[in-house]
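Visitor: I'd like a close look at just one part of this protein, the inside where the side chains pack together. Could you walk me through it slowly?

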Amino acid sequence: MPTGGGAIGWVAARSAAHAAGATAPPEPVRLALADVTGATLAEPVRARTPLPAFTTASVDGYAVRGTGPWRVSGRVLAGQVAVPLAAGTAVEIATGAMVPPGADQIIRVEDATRGADGLVDGAPRKPTPEWRVPGEEAVKGEELLPTGTAVTPGVVGVAAQCGYDDLLVRRPPRAAVLVFGDELLTEGPPGRGLVRDSLGPQLPGWLARIGALPTVSAPSEPVGDTLDAHVEAIATAAGAAELVCTTGGTMRGPVDHLHPALARLGAEYVVDTVAVRPGFPMVLAKLPGGRFVAGLPGNPQSAVIGLLTLVWPLVAGLTGRAVPSLRRVRLGAEVAGRGDDTHLALARIEPDGLAYPLPHNGSAMLRGLAWADGFVLVPPGGTGRVGEPAEFLPFPLNAGERP
């Protein structure tokens, strides 16, 4: 039987979720560069040679040695090996090509003249040669990207530049979404006592942005409000995913079956409710065998807060990333507190650089969420005052991006 430990603070909940993931990371795998975007580095990327590996031209022109005019003895293009340059000679050179040993300067092609006798004359534009020297960007063995870095296309480019063909990474955890509730419609407008499911369509996008892989098929219809249906749905989803996100049923009312389902499945709580508004009845539990269940509240904004509070740090821990960081902002308007709970207030960063709370911010509302950049944090017992600094939880962008 899982035993709930009562609501914990918002900061402590994030830390607990991250620690739970960090103690159960999947084994790293080695993947080709074409397949690693979205994963997380399980070892550093180091420069395997100096960068650049040899002296390379920064411009098109003529590499020259000695004083001019110079006799042109050949041409060197990118990808060719340059031969030593004799005094009084020049070679045509392309940007990115290897600079011949012995060269003193490069005369840009637009600054050079070539006479009828074939000799080249001109003056360098800069006192320092226009080429890149070995080690200018990195020395051999230098750590360029540490373990825990999210693999973006830019990271792939750095690895390729260093000569890597594959990388040791932690894959994004597979995630399933289960929507609970007999009152939900999956198509058409709401009415006659039924409301449209807004979480099933949006949660996969949020999961992808926090670094999970929402590719596991979930039921096409909401899971029925019975204990047996909940148990079966969670067990089935957990058989194919490292993480199961459920929506609704996180309270302990007569038709809230998540907690009894977790008990029947032998789960242990990581977090059982969080002292935050909106979103307090959120749950994170671990099933026998190491799979995780994140119980998100049924109200849409509360569910998103639950995902960003518990699931985002959990995924970071599973993949070896740090706890998602907060920003510091300055408030453009007052933000009320919520007594002894942390208040996460939807806010938008305006062109003046200030954070302003948004209307339409009720737990069941999505209109404000669609306009927001993230949440302003008002700590327990506090109030956010105009012009004062505040912590800000930005919405996740694509995996690895920074706001």
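Guide: Let's begin with a word we'll need all the way through: a residue is called buried when its relative accessible area is under 20%, and exposed when that area is over 50%. Keep in mind that this is a predicted model.

Try the word out on two cysteines. C245 has a relative accessible area of 0%, so C245 is buried. C162 comes out at 4% relative accessibility, so C162 counts as buried too. As for disulfides, the count here is zero.

Now for the aromatic rings. A pair of rings is described by how far apart the centres are and by the angle between the planes. This model has two aromatic pairs. In one of them, the ring centres of W206 and F395 are 5.2 Å apart with the planes at 80 degrees, and since an angle over 60 counts as edge-to-face, that's what this pair is. Where do W206 and F395 sit along the chain? W206 is in helix 3 (residues 199–209), while F395 is in the segment after strand 27 (389–394), so the pair ties together parts 189 residues apart in sequence. W206 and F395 are both buried.

F395 has another partner, F375: that pair is edge-to-face as well, at 5.6 Å centre to centre and with 75 degrees between the planes. F375 belongs to strand 26 (residues 374–378), and its pairing with F395, in the segment after strand 27, links distant parts of the chain, 20 residues apart. F375 is buried, just like F395. Put them together and you get one aromatic cluster made of W206, F375 and F395.

What does L308 touch around here? Skipping neighbours within four places in sequence, L308 is in contact with W206, F375 and F395, the cluster residues, and also with I210, P313, L393 and P396. L308 is also one of the residues with the most contacts inside the largest nonpolar core, along with L207, L243, L307 and V311. That core has 44 residues, and helix 6 (residues 300–319) gives the largest share, 11 residues. Apart from it lies another core of 20 residues, including A176, F180, L262 and V293.

One last thing to look for is a charge sitting over a ring. The charged end of R48 sits over the ring of Y164, 3.9 Å from the ring's centre. You can also find R277 with its charged end over the ring of F280, 4.0 Å from the centre.

Terms used
Residues numbered from 1 in each chain as written. Predicted model: local features only at pLDDT ≥ 70, side-chain atom pairs only at ≥ 80, totals over all residues. Heavy atoms only, no water. Disulfide = S-S within 2.5 Å. Buried < 20%, exposed > 50% of the residue type's maximum accessible area, 1.4 Å probe, protein only. Phe/Tyr/Trp six-rings, centres within 6.5 Å; stacked < 30°, edge-to-face > 60°. Helix = DSSP H or I, 4+ residues; strand = E, 2+ residues; numbered from the N terminus. Lys NZ or Arg CZ within 6 Å of the ring centre and 35° of its normal. Core = buried A, V, L, I, M, F, W, Y, C linked by side-chain atoms within 4.5 Å. Contact = heavy atoms within 4.5 Å.
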